[in-house]
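Reader: Please zoom in on a single part of this model and walk me through it in detail. I'd like the cut-offs spelled out as you go, since I'll want to know what each term means.

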Amino acid sequence: MSRPNYFDAMDYPGIIRDYGRPESFAEAFRALSRDALRARQETRFKSVMARAWKVPFYRRLWGAAGIEPGDIRSLDDIVRLPTYSKSDLMQSVEAHPPIGDFDGRASYDEQHRPPLVFQTTSGTTGKPQPLLYGPKSREIQNLLLARFYALQGITGDDVIHSVYGHGMVNGGHYVREAILHWIGAPLLSAGTGVETRSTNQVTLMKEFRATAIIGFGDYIKRLSDVAREMGLEPGKDLPIRTISGHLGAESAESMSAAWGGAKVYDWYGVGDTGAIAGEGPDRSGLYVQEDAQFLEILDIATGDPVADGETGDMVCTCLFKDDIFPIIRFNTHDVSRFQTDSSPLGLNLRRIAGFLGRSDNMVKLRGINIYPTGIGAVLTEAHPELMSEYICEVVRRDGRDEMVVHIETRGDLNSSTTAFEQLLRTRFGVDIGVSLAAPGALAPLTQIEMRQKPIRLLDKRDAEA
């Protein structure tokens with residue numbers, strides 16, 4: 001007998017039964033009680049743990065911490081398990097090439113082994129990491145993202161322009177599957193500026209009458225500038241009504257203004273986990289899909305859980321990945337916090353504040369933690385002549401760290417930066433320098449046209465040591 005193909009292994013009817021359809025997301029979680037949600041989480045967690053004990057990576061990781069099968073009986077015990085991060089996965093790849101020992105295919109007999117869906121990360125923080133999915137986990141992951149698109153008002157009647165990258169990178173393929181399999185809208189898979197030049201992307205949106213854009217906020221914002229340089233007015237010549245992507249520190253207000261009043265929504269996830277949390281029409285934080293994602297926020301230094309409202313590393317356990325590579329306590333090193341107020345939509349789900357920065361990209365200036373991803377929006381929202389392209393340069397002078405923000409401007413390059421520096425001092429409580437650059441001048445450093453996530457930190461401390 002032949003092995004199951006993708007469609008056999010994903011069990012589409014079972015996915016619908018267990019997770020519902022995207023358009024029913026809000027209704028389902030108004031009706032589901034917290035107790036019923038917890039019971040669902042526990043059942044799925046046990047299935048994920050059972051698979052994980054068959055994967056060499058976890059047996060090795062947990063064994064080193066003195067954990068044995070049977071020690072972890074419920075989600076209450078999850079804090080006993082060690083967290084891991086991308087560096088641990090890359091060490092696994094080095095020791096067990098080419099894709100590490102976190103590939104769980106060997107836990108199946110030959111007859112029932114599902115096919116492997118293989119992608120990589122973008123390599124933003126180093127060498128690209130293998131991303132492994134089974135058909136079931138991949139298709140549920142697609143559904144989870146489609147839930148957010150549906151919650152944000154995207155339907156099959158939209159024409160969606162995507163600026164996610166393709167090639168080996170997971171992003172473009174993943175969102176394409178989510179939209180085509182679950183939303184059913186026409187998709188312009190333009191990709192990054194390297195795949196389709198920015199001017200051509202604007203032309204595509206105009207000719208095919210795009211109504212929605214999805215992707216990373218930095219590049220979406222840049223496309224609005226390119227459109228204006230081409231003599232087109234976003235919102236009028238380009239009737240974009242919805243933007244859904246990863247805003248980071250970019251505010252929804254400034255993004256909406258750049259695109260002529262489009263409704264702007266944020267969502268958060270990483271390649272390993274898929275969509276974790278996303279905004280709804282209330283725009284009061286990002287709803288965590290708790291039936292599928294168990295999210296912890298842990299102290300950056302100690303790894304202990306923090307109180308709601310306090311910032312820390314987001315650590316995720318995927319309750320649906322029980323086929324190829326279970327994900328249990330993966331430390332994203334992305335920083336956020338749980339919100340403490342109630343949901344305006346009446347959804348019985350926790351919410352996070354969104355992406356606030358990376359703990360492994362944090363700079364400490366005179367005892368104050370600075371996240372480079374948060375600085376650009378502070379300046380551009382207060383000073384319209386400044387553009388969204390910037391990079392933070394950190395150097396060490398006279399034994400202490402100093403930061404300068406290089407930012408593009410439409411104004412005079414020789415104008416005073418005092419007001420900008422005062423704003424940063426007031427906002428962050430520490431001196432940060434500002435240097436002005438001409439439009440487009442920073443692109444070789446930020447690589448905005450080449451990468452899904454542009455570079456925002458240029459750390460020269462090691463080079464000077």
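Author: Let's go for the place where domain 1 meets domain 2, and then the strands behind it. Across that interface the rule finds two salt bridges (a side-chain nitrogen of Lys or Arg within 4 Å of a carboxyl oxygen of Asp or Glu). Arg 410 makes a salt bridge with Asp 225, and their closest N and O atoms are 3.1 Å apart. Keep in mind that this is a predicted model, so local features need pLDDT of at least 70 and side-chain atom pairs count only at pLDDT 80 or more, while totals for chains, interfaces and linings use all residues. Residues are numbered from 1 along each chain as its sequence is written, and side-chain values use heavy atoms, with hydrogens and water left out.

Polar contacts come next: three residue pairs, both partners at pLDDT 80 or more, are in polar contact between domain 1 and domain 2. That term covers a pair of N or O atoms within 3.5 Å; within protein, one must be able to donate a hydrogen and the other to accept it, and residues adjacent in sequence count only if both atoms are side-chain atoms. On the domain 1 side, α8 (170-183), α10 (217-229) and β14 (357-358) each bring at least two residues to the surface that touches domain 2. The largest share there is five residues, and it comes from α10. (Helices, H or I and at least four residues, and strands, E and at least two, are DSSP runs numbered from the N terminus.)

Now for the overall layout. Domain 1 spans 1-359 and domain 2 spans 362-459, with bounds from an automatic or database domain assignment. The contact draws 29 residues from domain 1 and 18 residues from domain 2, where contact means heavy atoms within 4.5 Å. The C-alpha centres of the two domains sit 29 Å apart. Between them they bury about 2,000 Å², with 51% of that on carbon and sulfur atoms; this is the accessible area (1.4 Å probe) that two parts lose on being put together, summed over both.

Move on to strand β17 (residues 386-397). In β17, 10 of the 12 residues are buried, so the strand is largely enclosed by the rest of the structure. Buried here is under 20% relative accessible area, exposed is over 50%, and partly exposed is in between (1.4 Å probe, protein chains only).

Who are its neighbours? Strand β18 (residues 400-409) runs antiparallel to β17, joined to it by nine bridges; strands count as paired if DSSP finds at least two bridges between them. One facing pair is Tyr 390 and Ile 407, the latter in β18. The β17-β18 hairpin has two residues between its strands, and Asp 398 there takes a positive phi near 55°. Strand β20 (residues 457-459) runs parallel to β17, with three bridges joining them. Val 394 has Asp 459 of β20 as its bridge partner.

Finally, look at helix α12 (residues 375-382), where six of the eight residues are buried, leaving the helix mostly covered. Those buried residues are Ile 375, Gly 376, Ala 377, Val 378, Leu 379 and Thr 380. What covers them includes β17 and β18 again, along with β16 (368-370) and α13 (418-428).
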